Amino acid sequence: MKLTGWSGVVIGALILLGCGAAIAALIGVSGGDLTLSAGDLAAIRFTLTQAALSAVGSVLVAVPLARALARRRFWGRNLLVTAMGAPFLLPVLVAVLGLLAIWGRNGVLSTALTAIGAERLNIYGMTGVVMAHLFFNIPLVTRLLLQGWATIPAEHFRLGAQLGFGARARFRLIELPMLRAVLPGAGLLVFLLCITSFAIALTLGGGPKATTVELAIYQAIRFDFDLPRAGLLALIQTGLCLGVATIAMLTGRAGEARAGMIRPVAMMGGAGRWLDFTVIACTTVFLAGPVVAVIVRGVPALIDLPSSVIEAAIRSILVAISSALLSVSAGLMIAIGLVRIGLARPVLARLGEGAMLIVLAISPFVLATGWFILLRGHVDPFAIALPMVVLINALMALPFALRAFVPAVALAQRTDGRLADMLGLTGLARLRHVMLPHVRGPAAFAAGLTAALSMGDLGVIALFGSTTTATLPLVMYQLMGAYRMEAAAGAALLLLILSFGMFAVIDRLGKTHDPV
Amino acid sequence: MIRFEGAVLRNGAFELSADLTVAGPGICAVIGPSGSGKSTLLLALAGFLPVAQGRVTIGGQDVTSLPPAARPVSVLFQDHNLFAHLDVTANVALGLRPNLRLSDAERERVQDALHRTGLEALAKRKPDALSGGQQQRVAIARALLRDRPVLLLDEAFGALGPGLRRDMLNLVQSVAVERALTVLMVTHEPEDARTIADQVVFVADGRAHVPLATEAFFATPAPAVAAYLGL
């Protein structure tokens, strides 16, 4: 069996074919009729407006925050920077519940406001959607910017100190050039993520004034069963995403890593110290508050969870593990294929990798809708809801798996690959002795990531889920819809623990016997 | 004249003690094993690292707690002496005004510095269109313009080939003589010290030793120096 190379190419081709078929099916069902109703236009407008506000807002907060974190050293700084990575794994619904616990009608702030005779807050609609997007994307942009700050050579700050740069000159001459290189890409990434985010719009948006395209697709299928409209909306959504992704790729300049030779030195004291620490403190409270609220409210409910929650949790764990296995094995095969092709035709390999990344730009809903249309009449889509969720979650995490695998596989090829060629090792033997030692770490990381993302995902399952196939996020959503907030808080805490727990456990598996 | 008076210089957990006087003007090489603290000596003198004990004076002025910009010192690092988004002229002009708003007279001085360092033809280029040697030449032009009595070279030519390095050393030497500068030069190449230095400071085991005349330093090396030089 010649496992190295070809199987990956076949899997990659199948994925692209599957995506193509889904889009073809959508074009077919929409009948090529591209007239948009007033509601569709409103959905497009809302989608773009909230994404733009979220992107601009994230950048406006993240720049001073990242600047403060880059300049200051204080107790707990490293922990804080690490925690900025956590929202990536945080299930969206958990964050929404946490935000509502602080900012909602019955939240902490509203309670305080009524105590002084003011009105309760209402964040449903644009406010809530943008706030939740800020919650997720401020940390993301901050981390990207921190990487940017790390690429500024420490020599430049010293040079600035020597040449007597004031605060303005320092910003304009040293920091602004980096921001100009990093910010457009970061902003567009947030914009793209906010266009495709579904669970936030589902829970905090809704109604004619606050419906995103993604949410409109869901409503067209779930409530109206209007497939032509769903198909049309899905095409619009795909167009939006691919458009933004293309702009992002075209504007994205390869950032030259020119880290200096000397270690960066933190600023002690000095002007702007209090401003820096105020920015850090405020954003920390904004970001940590909702998570703390979920934990505080969830703990009492955790002992007395409804059986539906327990069943859904078990289902979710199985889904998460299946997605992780699928994503990692497909990712590994494709990475091997890409590296093999890259030896002979580097341009082709890069195109292939780019094509795989485009999968990220196609919304899971669009894929699910397309496949739903294709499968209709052959199988009952509601019966295969869980396999579909497994497959789509695996696909959505595939770009991350590839990111982790391609460099590791390339390294394995460069080092032990030559030895294996000489010894004639192919197929499974090669996989075991050449690849696995090198990819164990990245594989565990990618698997952990996929499992956590899959665990917390409320997307396709909302479309096709029923009581017998409901995952934990769906059950939690139903509990919230029924205003059973106690049980929902318990489910949220369980979901939180499971998502982070699975990532931690699986990621650790890759680190125990590290032979490389 | 540079004096370290019972000084202890701190770089993270590392400490270097220095109790010495470098008479100026002239060129003084700083040599010693890697990690011995050569750069620490220079960075503390430039004001980038704290002086934990003692004091540091330059030309009789106590600079121990002066900020970098207020010290009579210019530094050349090995790399990243230029801002990548500014052209050669602007990078040099930073030596006069950080906001780059120059008067006509100042513009004249920038042209003059470019002329003296042979950079006129490259004035409009960005740093990434320059060779390593040309980049360091731009940094020297800026130091020329700042006109501070002390010039510190922190392995400034370490990344250059032998021929180019010799050119740069000659340039430094002519500038130093012309402006009566005191140059402190960290280098990995004892040959650099032999070429242009009047004196040598040896740094090892957390201590910067008093400077010796270059000839004496190499003719009758102390045991630690001999071990370092492989003699």
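**Entry 1: chain A overall**

I began by counting the secondary structure of chain A, and I found 20 helices and 0 strands. I noted at once that this is a predicted model. Next I looked up how compact chain A is. Its radius of gyration is 24 Å, close to the 24 Å that the globule rule gives for 516 residues, so chain A is as compact as a globular protein of that length. I also boxed the C-alpha atoms along the principal axes, and they fill roughly 70 × 70 × 50 Å.

How much of chain A is buried? I get 47% of its 516 residues. Then I looked at contacts in chain A with a separation of 6 or more, and 84% of them come from residues 24 or more positions apart.

**Entry 2: the two domains of chain A**

I wrote down the division of chain A: domain 1 takes 1-28 + 304-516, and domain 2 takes 40-93 + 120-210 + 212-253 + 264-273. Their C-alpha centres lie 24 Å apart. Where they meet, domain 1 of chain A gives 28 residues to the contact and domain 2 of chain A gives 25.

Which elements of chain A give two or more residues to the domain 1 side? I listed helices H1 (6-30), H15 (364-375), H17 (427-456), H18 (460-464), H19 (472-481) and H20 (485-509). H20(A) gives the most, with 6 residues. I sorted that side of domain 1 by class too: 22 residues are nonpolar, 6 are polar and none is charged.

**Entry 3: helix H1 of chain A**

H1(A) was on my list, so to speak, and I checked its length next. At 1.5 Å a residue, its 25 residues should span 36 Å, and the end C-alpha atoms are 36 Å apart, which agrees.

Which residues of H1(A) are buried? My notes have Gly8(A), Gly12(A), Cys19(A), Ala22(A), Ala25(A), Leu26(A), Val29(A) and Ser30(A). I then looked for what covers these buried residues, and the cover includes helices H11 (227-251), H13 (307-344), H14 (346-358) and H15 of chain A. After H1(A) comes Gly31(A), which has a positive phi, near 65°.

**Entry 4: an unusual phi in chain A**

I looked for a positive phi outside glycine and noted Phe225(A), with a value near 45°. Phe225(A) sits in the loop between helix H10 (213-222) and H11 of chain A. Is Phe225(A) buried or exposed? I find 9 C-beta neighbours inside 10 Å, so Phe225(A) counts as exposed; the cut-off for exposed is 12 or fewer.

**Entry 5: chain B overall**

I turned to chain B and counted 8 helices and 11 strands. Its mean pLDDT is 90, and 100% of its residues reach 70 or more. For 231 residues a compact globule would have a radius of gyration near 17 Å; chain B has 18 Å, which agrees. The C-alpha atoms of chain B fill a box of roughly 55 × 40 × 30 Å along the principal axes.

In chain B, 43% of the 231 residues count as buried. Among its contacts between residues at least 6 apart in sequence, I find that 67% join residues at least 24 apart.

**Entry 6: the two domains of chain B**

I noted domain 1 of chain B as 1-72 + 149-231 and domain 2 as 82-147. Taken over C-alpha atoms, 25 Å separate their centres. Here 10 residues of domain 1 of chain B are in contact with 7 residues of domain 2 of chain B. Which element gives the largest share of the domain 1 side? It is helix H5 (residues 162-179) of chain B, with 5 residues. By class, that side of domain 1 of chain B has 10 nonpolar, no polar and no charged residues.

**Entry 7: an unusual phi in chain B**

Leu100(B) is not a glycine, yet I find a positive phi of about 65°. I located Leu100(B) in the loop between helix H2 (88-93) and helix H3 (104-116) of chain B. With 15 C-beta neighbours inside 10 Å, Leu100(B) counts as partly exposed.

**Entry 8: where the chains touch**

Last, I looked at the contact between the chains, which takes 16 residues from chain A and 18 residues from chain B. On the chain A side, helix H7 (154-162) and helix H8 (167-196) are the elements that give two or more residues. H7(A) supplies the largest share of that side, 6 residues. I divided the chain A side by class into 9 nonpolar, 5 polar and 2 charged residues. I closed by noting the scores of the model: ipTM 0.78 and pTM 0.82.

Definitions and conventions: Residues numbered from 1 in each chain as written. Chains lettered and ligands numbered in written order. Predicted model: local features only at pLDDT ≥ 70, side-chain atom pairs only at ≥ 80, totals over all residues. Contact = placed C-beta atoms within 7 Å. Helix = DSSP H or I, 4+ residues; strand = E, 2+ residues; numbered from the N terminus. Nonpolar A, V, L, I, M, F, W, Y, C, P; charged D, E, K, R; others polar. Rg over C-alpha atoms; globule rule 2.2 N^0.38 Å. Buried ≥ 20, exposed ≤ 12 C-beta atoms within 10 Å, placed from the backbone. Domains from an automatic or database assignment. pLDDT = per-residue confidence, 0-100. Expected span 1.5 Å × (residues − 1).
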